[in-house]
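Colleague: I would like a close look at one part of this model. Please take the place where two helices meet, then follow one of them onto its sheet.

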Amino acid sequence: MQKSLILFFTVLSFICNAQIIKTKRGIVSLDGTHVAKITNKSNEYTFMDLKETPIFTVEFVDKSVVDSVRDSYVKINRVYNREKTLDLDYISPSAFSGDEKSAVYTCIKGLKIIDERGINIKNLDELFKNMPKRKLDNKTKEAYTIRTKIDKLNLEVNSVGEILSNGIPVGYFTNLPVSFGSDDRVTDKTFVDIEIYDAKSKYIGKYITTTKQIKTAGGKTFTLYREMSGRASILKYPTYKAIAERMAILDPNFIKIQEKVIVGEVVKDGIEKDKK
């Protein structure tokens, strides 16, 4: 009986404290009271007070980190100070809600920078003063670690299928499909595998167009670009650059990151300068 009463009052308290959030014709209401105004342009939402003074913006970002791993978050800016930007996690009232609902819901429920009195400047200042850290899952953290390594390689694929790292040729593709050159993605499902060799013509691995799999010479396999749903949906066809990047991660011996730039001695008029 006592447990039932505790449960009853817990549920009743939850119902009484539940806030009704609505956005209609650019006006944000909390429990029937107008608290803010909102406008949007593309993926950026500008929040204003009821006098239509812009206070801050919320921009939605949905990007590919590496391969099929995507990261979705919001960027928050103060209107009067655009240089300082916060990257934050956002929450949504439902799995299929639009960005506007998610922006409003995050500001009220998650960040508490809008309340029954309007835009809470004190909480907004505190948010920028003590910037909260994002809560990334292990898969996304690992993807960012890989992305950092890839960015250091600075890979490119030129018009003849050569793979360049920081401008230096490090390998090349063979068995390139007809669409290569006119399209930077592998769109042709041929039964001939696209092979990768290093700069010394050593076989590194291949990309199987029918299964979207990369297979290294050492036997490692990786499936590129798995199909996903919702806002995390991705393109069906990988770029040649993405294939080279993933091959470099699967086989660390394929491309070495040069940490130091080695140059010759500085000479002038044929005379070597004194070393200091």
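Modeller: What follows starts at the helix pair, moves to the sheet beside it, and ends with a second sheet.

The model is predicted. Two packed helices are described by the angle between their axes and the distance between the axes. Here the pair is α4, residues 138-153, and α5, residues 240-250. Their axes come within 10 Å. They cross at roughly 110 degrees. Angles from 65 to 115 degrees count as roughly perpendicular, so α4 is roughly perpendicular to α5. The crossing of α4 and α5 is right-handed.

Which residues make the contact between α4 and α5? From α4 come Ile146, Arg147, Lys149, Ile150 and Leu153. From α5 come Glu245, Arg246, Ala248 and Ile249. Sorted by class, the contact of α4 with α5 holds five nonpolar and four charged residues, and no polar ones.

Now follow α5 to the sheet. Helix α5 lies across β10, β11, β12 (168-174), β13 (194-198), β14 (203-208), β15 (213-216) and β16. Its direction makes about 40 degrees with β15.

This sheet is open and has seven strands. The order is β10-β11-β12-β13-β14-β15-β16, and pairing is antiparallel. Which strands stand at the edges? They are β10 (155-157) and β16 (221-223). Each has a single partner strand, so one side of each is left without a neighbour in the sheet. On average, neighbouring strands of this sheet are turned by 20 degrees against each other, direction ignored.

Look at the β10 edge. Strand β10 pairs with β11, residues 162-165, over three bridges in the antiparallel sense. Leu155 has Ser165 of β11 as its bridge partner.

The second sheet can be read in the same order of steps. It is an open sheet of seven strands, β1-β2-β3-β4-β5-β6-β7, with antiparallel pairing. Its edges are β1 (21-24) and β7 (81-88). Each of these has a single partner strand, so one side of each lacks a neighbour in the sheet. Neighbouring strands in this sheet are turned by 25 degrees against each other on average, direction ignored.

At the β7 edge, five bridges join β7 to β6, residues 69-78. The two strands run antiparallel. Arg78 has Asn81 of β7 as its bridge partner. A helix packs on this sheet too: α3, residues 121-129. Helix α3 touches β5 (54-66), β6 and β7. The direction of α3 makes about 125 degrees with that of β6.

Technical notes: Residues numbered from 1 in each chain as written. Predicted model: local features only at pLDDT ≥ 70, side-chain atom pairs only at ≥ 80, totals over all residues. Heavy atoms only, no water. Axes fitted to C-alpha atoms, helices over the stretch in contact; angles between N-to-C directions. Helix = DSSP H or I, 4+ residues; strand = E, 2+ residues; numbered from the N terminus. Parallel < 35°, antiparallel > 145°, perpendicular 65-115°, else oblique. Left-handed = near helix turned anticlockwise from the far one by under 90°. Contact = heavy atoms within 4.5 Å. Nonpolar A, V, L, I, M, F, W, Y, C, P; charged D, E, K, R; others polar. Pairing = 2+ DSSP bridges.
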